[in-house]
Amino acid sequence: MERNRIAIHVSHLKKSFKQLEVLKDISVDVKEGEVVVIIGPSGSGKSTFLRCLNRLEEASGGEIMIDGIDITDKRCDINKVRERVGMVFQHFNLFNNMSVLRNLMLAPVDLKKQDRETARKDALAMLARVGLSDKADAYPHQLSGGQKQRVAIARALCMRPDIMLFDEPTSALDPEMVGEVLEVMRHLAHIGMTMVVVTHEMGFAREVGDRVLFMDDGLILEEGVPEEIFGSPTNPRTRDFLNKVL
């Protein structure tokens, strides 16, 4: 892994929904192996920005490069790029009619044309990684919220991504379940996964983030290492937000 190689390059990204300008001018680079945490109030554009990074939302302007591939180019095969970019959502998006194991095997078999036995072995290995080896044959309705989110992370990891995007992965969980999901994310950060995380978990941002971005009103108003952002923010809007949430 090249710690200084740029994994994600965003230049002057804009996104509008009709007359509503949600992202106004976002430019940022994410290095390989870096954990970038995005904080800010609801409605600031954080989730829209994340969704633009794998083209779940189409950019209205600007450029997004993933490992050197311009995903805003209409000729880009976005499905090939998405094989390398895993995403975990607020709500788990598991198939309720499938066992946990089948949920994990589906994309590698259908999209990557992996043989079923290899996909099964990989799925079991990923379940072990998130501490759910005993849940392979369970169905989503039999799991707690925290377990469902850990399955969702394991499912994304089964595609062997280079980059993981997390969109408020703990916001739908009961407070006592948050810790088990954050622990899995800490482990991914520890082993060098490139991660962009939108979260309201300030403790996680402070502890695990290599860099913290504060967004408001469709702009990155401040960025820096956690010690700077949480210890001595320079933007008044950042200070006001942190005074309310800490």
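# Pocket, cavity and loop residues in a predicted model

User: About 660 Å³ of space lies in the largest pocket of this predicted model; which element gives the most to the lining of the largest pocket?

Analyst: The lining of the largest pocket is made up of 20 residues, and those nearest its centre are Arg82, Ala107, Leu111, Arg155 and Met159. At least two lining residues come from each of α2 (78-82), β6, α3 and α5. With four residues, the element that gives the most is α3.

User: Against which elements do the buried residues of α3 pack?

Analyst: The buried residues in α3 are Val100, Leu101, Asn103, Leu104, Met105, Pro108 and Val109. These buried residues of α3 pack against α4 (116-129) and α5 (145-157).

User: Is Ser99 buried or exposed, and which residues does Ser99 touch when those up to four places away in sequence are not counted?

Analyst: Ser99 is found in the loop between β6 (85-88) and α3 (100-110). Its relative accessible area is 10%, and because buried means under 20%, Ser99 counts as buried. Not counting residues up to four places away in sequence, Ser99 touches Ala136, Asp137, Ala138 and Tyr139.

User: Which elements give two or more residues to the lining of the largest cavity?

Analyst: The structure holds one cavity of 30 Å³ or more, and about 30 Å³ of space lies in the largest cavity. Its lining is formed by Ile8, Val28, Val30, Val36, Ile38, Phe49, Leu53, Val196 and Leu213. The elements that give two or more residues to this lining are β2 (20-31) and β3 (35-39).

User: Where does the side chain of Glu34 reach a backbone nitrogen, and at what distance?

Analyst: Glu34 is found in the loop between β2 and β3, where Glu34 is buried with a relative accessible area of 9%. From this loop position, the side chain of Glu34 reaches the backbone nitrogen of Lys31 at 2.9 Å.

User: Which backbone nitrogen lies 2.8 Å from a polar atom of the side chain of Asn235?

Analyst: Asn235 has its place in the loop between α8 (226-231) and α9, and Asn235 is buried, with a relative accessible area of 19%. Leaving aside neighbours within four places in sequence, Asn235 is in contact with Leu221 and Glu222. The backbone nitrogen that lies 2.8 Å from a polar atom of the Asn235 side chain is that of Arg237.

User: Why is the pair formed by the rings of Phe214 and Phe241 described as tilted?

Analyst: The structure holds one aromatic pair. The ring centres of Phe214 and Phe241 are 5.3 Å apart and the planes stand at 45 degrees, so the pair is tilted. Planes under 30 degrees apart would count as stacked and planes over 60 as edge-to-face, so an angle outside both ranges counts as tilted.

User: How many residues apart are Phe214 and Phe241, and are these two residues buried or exposed?

Analyst: Both Phe214 and Phe241 are buried. The pair links distant parts of the chain, with Phe214 in strand β9 (residues 211-216) and Phe241 in helix α9 (residues 236-245), and the separation is 27 residues.

User: How far from the centre of the ring of Phe17 is the charged end of Lys15?

Analyst: The charged end of Lys15 sits over the ring of Phe17. Its distance from the centre of that ring is 4.7 Å.

Note on methods. Residues are numbered from 1 along each chain as its sequence is written. This is a predicted model: local features need pLDDT of at least 70, side-chain atom pairs count only at pLDDT 80 or more; totals for chains, interfaces and linings use all residues. Side-chain values use heavy atoms; hydrogens and water are left out. Buried means under 20% relative accessible area, exposed over 50%, partly exposed in between (1.4 Å probe, protein chains only). Contact means heavy atoms within 4.5 Å. Rings of Phe, Tyr and Trp (its six-membered ring) pair if their centres lie within 6.5 Å; planes under 30 degrees apart count as stacked, over 60 as edge-to-face and the rest as tilted. A charge sits over a ring if NZ of Lys or CZ of Arg is within 6 Å of the ring centre and within 35 degrees of the ring normal. A polar contact is a pair of N or O atoms within 3.5 Å; within protein, one must be able to donate a hydrogen and the other to accept it, and residues adjacent in sequence count only if both atoms are side-chain atoms. On a 1 Å grid over the protein atoms alone, a cavity is a set of points where a 1.4 Å probe fits but cannot get out, and a pocket is an open set with protein on both sides within 12 Å along at least five of seven lines; lining residues have an atom within 4 Å of a point. Grid points are joined across faces, edges and corners, and a volume is the space filled by probe spheres set on the points.
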